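Visitor: I'm new to reading protein models, and I'd like to know how the labels get decided. Could you show me one and walk me through the reasoning?

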Amino acid sequence: IYFYMNDIQIAQFVLDTIKKKKQQISDVLEMNGVQNMEHYRQLMGNLDGLNYLEQELKSLLSKQEQEQ
């Protein structure tokens, strides 16, 4: 089965995926699931990257809405 998603649907899917991953990382941090300092740094780096991507995507969507 083939289906096509428009740009807004793709962006929303990516934002939802980012939100879920951020929540997973937060859960690990809150539940004392950090194994060691290297694991902590990895989680924080991932969180930083996800925050950056989320902000860039939201900014892009905002620009697109203003142009319409």
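Guide: Start with the buried residues of α2 in this predicted model: they are H39, L43, L47, L50, E54, L57 and L61. Part of what covers them is α1, residues 7-30.

Visitor: Why is H39 called buried?

Guide: The cut-off for buried is under 20% relative accessible area. H39 has 16% relative accessibility, so H39 counts as buried. Leaving out residues up to four places away in sequence, H39 touches V28, G33 and V34.

Visitor: And what makes N36 partly exposed?

Guide: Partly exposed is the band between under 20% and over 50%. N36 has 42% relative accessibility, so N36 lands in that band. You'll find N36 in the loop between α1 and α2.

Visitor: Why is N32 called exposed?

Guide: Exposed needs over 50%. N32 has a relative accessible area of 69%, so N32 gets the label. N32 also sits in the loop between α1 and α2.

Visitor: What else is there to say about the phi of N32?

Guide: The phi of N32 is near 55°, a positive value, and N32 isn't a glycine. Most residues other than glycine have a negative phi.

Visitor: How do you know that N36 caps α2?

Guide: Look at the N-terminal end of α2, where a side-chain oxygen of N36 lies 3.1 Å from the backbone nitrogen of E38. The cut-off for a polar contact is within 3.5 Å, and the 3.1 Å pair of N36 and E38 meets that distance. The side chain of N36 also reaches the backbone nitrogen of H39, at 2.8 Å.

Visitor: What tells you whether α2 has the expected span?

Guide: Count and compare! Helix α2 covers residues 37-67, which is 31 residues. From first C-alpha to last, α2 reaches 45 Å, close to the 45 Å expected at 1.5 Å a residue.

Visitor: How do you know whether the whole chain is a compact globule?

Guide: Check the radius of gyration: a compact globule of 68 residues would come out near 11 Å, but this chain has 16 Å. The C-alpha atoms fill a box of roughly 45 × 35 × 15 Å along the principal axes. The chain has two helices and zero strands.

Visitor: How much of the chain is buried?

Guide: Of the 68 residues, 18% count as buried. As for the outside, the chain exposes about 6000 Å², with carbon and sulfur atoms supplying 53% of that.

Methods. Residues are numbered from 1 along each chain as its sequence is written. This is a predicted model: local features need pLDDT of at least 70, side-chain atom pairs count only at pLDDT 80 or more; totals for chains, interfaces and linings use all residues. Side-chain values use heavy atoms; hydrogens and water are left out. Helices (H or I, at least four residues) and strands (E, at least two) are DSSP runs, numbered from the N terminus. The expected span of a helix is 1.5 Å times one less than its number of residues. Buried means under 20% relative accessible area, exposed over 50%, partly exposed in between (1.4 Å probe, protein chains only). Contact means heavy atoms within 4.5 Å. A polar contact is a pair of N or O atoms within 3.5 Å; within protein, one must be able to donate a hydrogen and the other to accept it, and residues adjacent in sequence count only if both atoms are side-chain atoms. The radius of gyration is taken over C-alpha atoms; the globule rule is 2.2 Å times the number of residues to the power 0.38. Accessible areas come from the Shrake-Rupley method with a 1.4 Å probe; for residues, only the protein chains shown count as cover.
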